Amino acid sequence: MRRFLFLCAFTCLLGAAASAQPKKLGELWFDSENKMINAHGGGMLYHKNTYYWFGEFKGTGKDGNLAMDGVSCYSSRDLVNWKNEGMALKMIADTNSLLQPGCVLERPKVIYNAQTKKFVMWFHHELKGQGYSAALTGLAIADNPSGPYRYVKSLRPNRNVWPANFPEDQKRALDYTLLKRKDSGWQGKVIEGMLVRRDFEKGQMSRDMTLFVDDDGTAYHVASSEDNQTLHVSRLTEDYTGFTGEYHRILPGQSNEAPAIFRHRNKYYLVASGTTGWDPNPGRSFVATSLYGPWHSLGNPVRGTEQERATTFRSQSTYVLKVAGKKDAFVYLGDRWTPDNAAEGKYIWLPITFEDEKPVLYWKETWPPE
């Protein structure tokens, strides 16, 4: 019955878009001008009856994952028909800028600050020519939802700050040889906090990330840190443009990336993936009564064949959208990566239903689901 009610919510939601041509999952999607939608690893903002979809503008070929253009933006009132709003954030053609063409810019997320009336974007940022070693998070701000966004800075969060849930007896300089993955005891040292201590003075790593605004307006930055071994949940300042220094480690040593968070009936849910590069892996889901945890595993949310469960329908999570005006309507947004030709990555959007208080995903042929 619960699953039926959730699907009814989607049927009612998309009734206004019944005349729209459905988009087939696993194929290229096109905008209102019949041009390919190019917005990967993205996130959604709902503002004044309009959805804004922000994503990585990918290039063609194997170098297409490098950011040459910036962050794209599309708008829609029905989640089906999308208008190209152009580049929300453009790369800066200046060798003195950190945000220059050829760097890595991933998973842009935008939230609106009602006090400052500003739109705030955070994203995963790697410096040009340095692979994934910088592990920065970048900030850009705009006066309008579709931009243009002004690049402000990139940084490693929480420099010289210990996690709030870090043991007192571990709050000291690294006093043993830094172990490598192949060394015996490495995993235990990671869980203990070895990599937090390594990065204490220069700031904590921030790779795959998302943003979450709670019901009270408090915003959080959630990122894969500690060499992708542990997620960090950091409280942002009231204007959403900085870190307060309050942060917690969650699921230490469990190697989660691609985090997506949503709240349902006073519980927080986290969808994530393992760390297998561009290759898909079994999805993961977790639940907590506080963003700071403790988080409890709910297992793989996929319901389907063995192959579908092993690959999350050949996708990786990027965002969970709460549909505006609908109490129990959530959408899993995933990417089906194509690293040999990045621009042609596909979008896998599926309704989230609940069974036994667990979020689950069933395959649908089209968006909207029929």
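Let me begin with the largest pocket, which is lined by 38 residues, and among these Ile111, Phe212, Val213, Asp214 and Asp215 lie nearest its centre. Please keep in mind throughout that what we are looking at is a predicted model. The volume of this largest pocket comes to about 950 Å³, and its lining divides by class into 20 nonpolar, seven polar and 11 charged residues. If you want to find the lining on the structure, look at strand S2 (40-47), strand S6 (104-113), strand S10 (209-213), S12, S14 and S19, each of which supplies at least two residues. Of the contributors to this lining, S6 gives the most, with five residues.

The second largest pocket holds about 290 Å³ of space, and 16 residues line it, with Glu106, Tyr132, Asp208, Glu257 and Gly277 closest to its centre. Here the lining consists of three nonpolar, six polar and seven charged residues.

With charged residues in mind, let me turn to how they pair. In general terms, side chains of opposite charge can pair when their charged atoms come close. How many salt bridges does the model have? The count comes to 18, and I would like to take three of them in turn.

The pair I will take up first is Lys24 and Glu365, whose closest N and O atoms are 3.3 Å apart. This salt bridge links distant parts of the chain, since Lys24 sits in strand S1 (residues 23-24) while Glu365 sits in the loop between strand S22 (358-362) and strand S23 (366-367), 341 residues away. Are these two partners buried or exposed? Lys24 has a relative accessibility of 36% and therefore counts as partly exposed, and Glu365, with a relative accessible area of 45%, is partly exposed as well.

Next comes the salt bridge between Arg249 and Glu226, with 2.8 Å from N to O. It too joins distant parts of the chain, with Arg249 in strand S13 (residues 243-250) and Glu226 in the loop between strand S11 (219-225) and strand S12 (230-236), 23 residues apart. In this pair both Arg249 and Glu226 are buried.

In the third example, the side chains of Asp328 and Arg265 meet at 2.8 Å, again N to O. Both partners lie in loops: Asp328 between strand S19 (316-322) and strand S20 (330-336), and Arg265 between strand S14 (257-264) and strand S15 (267-273), with 63 residues separating them along the chain. Asp328 has a relative accessible area of 15%, below the 20% limit, and so it is buried, whereas Arg265, at 46%, is partly exposed.

Salt bridges can also be joined up, and in this model Arg156, Arg198, Asp199, Lys202 and Asp227 are linked in a network of them.

Finally, I would point to a charged residue without such a partner, namely Asp31, which lies in the loop between S1 and S2. Which side chain of opposite charge is nearest to Asp31? That is Lys35, at 6.7 Å, and because a salt bridge needs the nitrogen and the carboxyl oxygen to be within 4 Å, the two do not form one. Asp31 is nevertheless buried. What does lie close to its side chain is a backbone atom, for the nitrogen of Glu33 is 2.9 Å from a polar atom of the Asp31 side chain.

Key: Residues are numbered from 1 along each chain as its sequence is written. This is a predicted model: local features need pLDDT of at least 70, side-chain atom pairs count only at pLDDT 80 or more; totals for chains, interfaces and linings use all residues. Side-chain values use heavy atoms; hydrogens and water are left out. Helices (H or I, at least four residues) and strands (E, at least two) are DSSP runs, numbered from the N terminus. Buried means under 20% relative accessible area, exposed over 50%, partly exposed in between (1.4 Å probe, protein chains only). On a 1 Å grid over the protein atoms alone, a cavity is a set of points where a 1.4 Å probe fits but cannot get out, and a pocket is an open set with protein on both sides within 12 Å along at least five of seven lines; lining residues have an atom within 4 Å of a point. Grid points are joined across faces, edges and corners, and a volume is the space filled by probe spheres set on the points. Ala, Val, Leu, Ile, Met, Phe, Trp, Tyr, Cys and Pro count as nonpolar, Asp, Glu, Lys and Arg as charged, and the others, Gly among them, as polar. Lys and Arg count as positive and Asp and Glu as negative; His and the chain ends are not counted. A polar contact is a pair of N or O atoms within 3.5 Å; within protein, one must be able to donate a hydrogen and the other to accept it, and residues adjacent in sequence count only if both atoms are side-chain atoms.
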